[in-house]
Amino acid sequence: MSKIYVKGSFTVEAAFVMIPILLIVMSLLYLTFYAHDKAAIASLGPLMLRKESQIEVKKELEKKLWLRDISSVEMKKNLSYKKMKIQTKKTLSIGLVEMLLGEGETYEFSRWDVAPGEYLWNYEIMKEG
C-alpha cells in the first residue's frame, strides 16, 4: 500500500474566529468603562465631602459615571468629622464579566473638618443653649 500525498490547505471559518475576537474586544471596552467609573468615584469622592446635600452629591456623581448608577449616598457629620458612604449598582449586565465584577460596590470617604472659627461659634451656641 502506497501513501498518496495531496496538496491542500486548511481554512478557518471567519465565524469561528470572529466570535472570540468580538468577545475579547467587548470585554476590554466594558472593563475600560468600569475602570473609568471607579477612578471617577475615587477622585470625586473626597471633593463631594464638601457638599452638604446627599441629593446634590448623587446628581453630580451620576453625571460622571458611564456604567454604574448611584443607589444611595449616606452622609454623617459631627462638629469636626464628615463621613460619606456611596453605594453603586450596575446598569448594564454582561454575563461573565459582571459575575467577576459583582452587582455593585460600596465606597467610603471621610474627612476631618478643622475650622477654628466654626468651633468657637458652635461653642458659643452650646454655651447659651
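This report walks through a predicted model of one protein chain, from its overall layout to a few residue pairs worth finding on screen.

## The chain at a glance

Start with the overall layout. The secondary structure adds up to four helices and three strands, and if you follow the chain along its sequence they come in the order α-α-β-β-α-β-α. That pattern is a handy map for everything below, since each residue we visit can be placed on one of these elements or in a loop between them.

How much of the chain is tucked away? Of its 129 residues, 22% are buried. The accessible surface comes to about 9900 Å², and carbon and sulfur atoms supply 64% of that area. As for how the chain meets itself, take the contacts with a separation of 6 or more: residues 24 or more positions apart account for 54% of them.

## An aromatic pair: F33 and W66

Searching the whole structure turns up two aromatic pairs. One of them is made by F33 and W66, whose rings sit edge-to-face, with 5.2 Å from centre to centre and 85° between the planes. That angle earns the edge-to-face label because planes over 60 degrees apart are counted that way.

Where do these two residues come from? F33 belongs to helix α1, which covers residues 14-48, while W66 is in the loop between α2 (54-64) and β1 (68-77), so the pair ties together parts of the chain that are 33 residues apart in sequence. As for exposure, F33 is partly exposed at 33% relative accessibility, whereas W66 counts as exposed at 53%.

## A nonpolar patch on the surface

F33 and W66 turn up again in a nonpolar surface patch of about 980 Å². Their companions in the patch are F16, V17, M18, I21, L22, V25, M26 and L29. To find the patch on screen, you can begin at W66, in the loop between α2 and β1, and then look for the other residues on the list.

## H36, another contact of W66

H36 also lies in helix α1. With 26% relative accessibility, H36 counts as partly exposed. Which residues does H36 touch, once its neighbours within four places in sequence are set aside? The contacts are K64 and W66.

The link to K64 is a nice example of the chain coming back to itself. H36 and K64 are 28 residues apart in sequence, yet their C-alpha atoms are 9.2 Å apart in space.

## K82, a buried lysine

Now move over to strand β2, residues 81-90, where K82 is found. Is K82 buried or exposed? With a relative accessible area of 5%, K82 is buried, since the cut-off for that label is under 20%.

K82 has plenty of company. Leaving out neighbours within four places in sequence, K82 is in contact with L49, R50, K51, E52, K76, K77, F109, S110, R111 and D113. E52 deserves a second look, as a polar contact of 3.5 Å joins its side chain to that of K82.

## Salt bridges

Side chains of opposite charge can pair when their charged atoms come close. The structure holds six salt bridges. K82 and E52 form one of them, with 3.5 Å between the closest N and O atoms. This pair links distant parts of the chain, with K82 in strand β2 and E52 in the loop between α1 and α2, 30 residues apart. The partners sit in contrasting surroundings: K82 is buried at 5% relative accessible area, while E52 is exposed at 57%.

Another salt bridge joins E108 and K83, and here the closest N and O atoms are 3.8 Å apart. E108 lies in strand β3 (residues 106-112) and K83 in strand β2, so this pair ties together parts that are 25 residues apart in sequence. K83 is partly exposed, with a relative accessible area of 35%. Elsewhere, salt bridges with shared partners join K51, E56 and E60 into one network. Within that group, K51 pairs with E60, the closest N and O atoms being 3.5 Å apart. Both count as partly exposed, K51 at 22% relative accessibility and E60 at 26%.

Terms used. Residues are numbered from 1 along each chain as its sequence is written. This is a predicted model: local features need pLDDT of at least 70, side-chain atom pairs count only at pLDDT 80 or more; totals for chains, interfaces and linings use all residues. Side-chain values use heavy atoms; hydrogens and water are left out. Rings of Phe, Tyr and Trp (its six-membered ring) pair if their centres lie within 6.5 Å; planes under 30 degrees apart count as stacked, over 60 as edge-to-face and the rest as tilted. Helices (H or I, at least four residues) and strands (E, at least two) are DSSP runs, numbered from the N terminus. Buried means under 20% relative accessible area, exposed over 50%, partly exposed in between (1.4 Å probe, protein chains only). A polar contact is a pair of N or O atoms within 3.5 Å; within protein, one must be able to donate a hydrogen and the other to accept it, and residues adjacent in sequence count only if both atoms are side-chain atoms. Contact means heavy atoms within 4.5 Å. Patches are made of residues with over 30% relative accessible area and no salt bridge: like charges are joined within 9 Å, nonpolar side chains (Val, Leu, Ile, Met, Phe, Trp, Tyr) within 5 Å. Accessible areas come from the Shrake-Rupley method with a 1.4 Å probe; for residues, only the protein chains shown count as cover. A salt bridge is a side-chain nitrogen of Lys or Arg within 4 Å of a carboxyl oxygen of Asp or Glu.
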